[in-house]
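Reader: Could you take me through this structure by question and answer, reasoning step by step and closing each reply on the value or name I asked for?

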Amino acid sequence: MDKIPEFALDGFLNVLKPPGLTSHDVVSSLRRILKTKKIGHAGTLDPGAAGVLPIAAGRATRFIEYLAAAGKSYRAELLFGVETDSGDDTGRVVNRAAEGWEFPSREKILAGINSLTGRITQVPPVYSAVKIGGRRAADLARENKAVVIPSRQVEIYRFDLLGSDRERKTLLLDVDCSKGTYIRSLCTDLGRALGIPATMSFLVRTRVGDFPLREAVSLEELTDTAEKDFTALPVLPPGKYLGHFPRYDLTAARKKAFTNGLSTRDASYALRLREAGMMKGEEESLLLTVWCEGRFCGIGRFDGAKESIYPEKLYIW
């Protein structure tokens, strides 16, 4: 296959990560499939999990960091009876349910779910990608080094019980959450809220921001498309998938100023942001997607005190 022209790889790919591969494995595979090194991923998925893994290629790699702010959705299975050090069924059992324990009622389960909805404090699993002193907690744990992970505030926007199976001792759950949320920890915490050890036994990520599972493409499909016609690759424009930020439309007259690093004052836009409740204090700042003549220009930062938009990262075209 000939080298793929740069323009064909300038955007995002909504990739379906299979279980058994790390997120890094997926990136390595795509580098071979697409014959380019300029690729990165947003939002690490555990090796045992499947689902949406946004991939950036070409100039879009400059915007990976902004996808981290996007909300995520998951479907998970919780298994009652054991709690593990990893938070899933691949880990070492650290607690077992007492003999003769009873499966909780639907009312108790819903009460436990309700207690873990909204803004909560969570401690990520020891076996995670959280950095401790510059190293991944999971790597330290595998070296039998003591790992203390600080708690964090996360937001659980929606936490639904889809079903339960008393024979298999499982719950099926749907979760919409903020960045930084660990579903493994959520399953462990739900078990503790119900007084029964629990761990996560299945996970699929169904959404990252504007990347839905129903539109995700497998590595096999990407390989087949790249071999037949690389211009048909489902490469998505970066601006479209940063919709978790407010949008600002520059006038054509201010485009050159923005690309040259100059600010644009807009008091009326500041008023609209405040009326919408998106900015409260005058000293606040806010990230925006900046557009001009219907095309994505990059990321801007709105300074509330100066009521001005400053270039944060450009997407030159």
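Reader: With which side chain does the side chain of D10 make a polar contact at 3.1 Å?
Author: In this predicted model, D10 lies in the segment before β1 (11–17). The side chain of D10 makes one polar contact at 2.3 Å, with the side chain of R59. The contact at 3.1 Å is made with the side chain of Y315.

Reader: Is D10 buried or exposed?
Author: Leaving aside residues up to four places away in sequence, D10 touches A57, G58, R59, A60, V235, P238 and Y315. Its relative accessibility is 13%, and because buried means under 20%, D10 counts as buried.

Reader: Over which ring does the charged end of R59 sit?
Author: R59 is a partner of D10, since their side chains make a polar contact. The charged end of R59 also sits 4.3 Å from the centre of a ring, and that ring belongs to Y315.

Reader: Which residues form one aromatic cluster with Y315, and over the face of which residue does R247 lie?
Author: The structure holds 12 aromatic pairs, and one of them, formed by F63 and Y66, has its centres 6.2 Å apart. The cluster that holds Y315 is made up of that residue together with F63, Y66, F245, W291 and F296. R247 lies at 4.2 Å from a ring centre in this cluster, over the face of W291.

Reader: Is the pair of F63 and Y66 stacked, edge-to-face or tilted?
Author: Both F63 and Y66 are buried. Planes under 30 degrees apart count as stacked and over 60 as edge-to-face, with the rest as tilted. The planes of F63 and Y66 are 40 degrees apart, so by that division the pair is tilted.

Reader: How many disulfides does a search of the whole structure find, and why is there no bond between C292 and C297?
Author: The search of the whole structure finds 0 disulfides. C187 is in none, and the nearest cysteine sulfur, that of C177, is 11 Å away. C292 is buried, with a relative accessible area of 0%. A disulfide needs sulfur atoms within 2.5 Å, and the sulfur of C292 is too far from that of C297 because the distance is 5.0 Å.

Reader: How many of the residues in α5, the helix that holds C187, are buried?
Author: Helix α5 covers residues 183–194 and reaches 17 Å from its first C-alpha to its last, close to the 16 Å expected. Among its buried residues are I183, R184, L186, L190 and L194, and C187 belongs with them because its relative accessibility is 1%. Just after the helix, G195 takes a positive phi of about 75 degrees. The helix as a whole is mostly covered, the buried count being 10 of its 12 residues.

Reader: How far apart in space are K169 and F159?
Author: K169 is found in the loop between β10 (152–165) and β11 (170–177), and it is partly exposed because its relative accessible area of 37% falls between the limits of 20% and 50%. Not counting residues up to four places away in sequence, K169 touches L78, L79, F80, W101 and F103. From F159 it is 10 residues apart in sequence, and the C-alpha to C-alpha distance is 19 Å.

Technical notes. Residues numbered from 1 in each chain as written. Predicted model: local features only at pLDDT ≥ 70, side-chain atom pairs only at ≥ 80, totals over all residues. Heavy atoms only, no water. Helix = DSSP H or I, 4+ residues; strand = E, 2+ residues; numbered from the N terminus. Expected span 1.5 Å × (residues − 1). Buried < 20%, exposed > 50% of the residue type's maximum accessible area, 1.4 Å probe, protein only. Phe/Tyr/Trp six-rings, centres within 6.5 Å; stacked < 30°, edge-to-face > 60°. Lys NZ or Arg CZ within 6 Å of the ring centre and 35° of its normal. Polar contact = N/O pair within 3.5 Å; in protein donor to acceptor, adjacent residues only side chain to side chain. Contact = heavy atoms within 4.5 Å.
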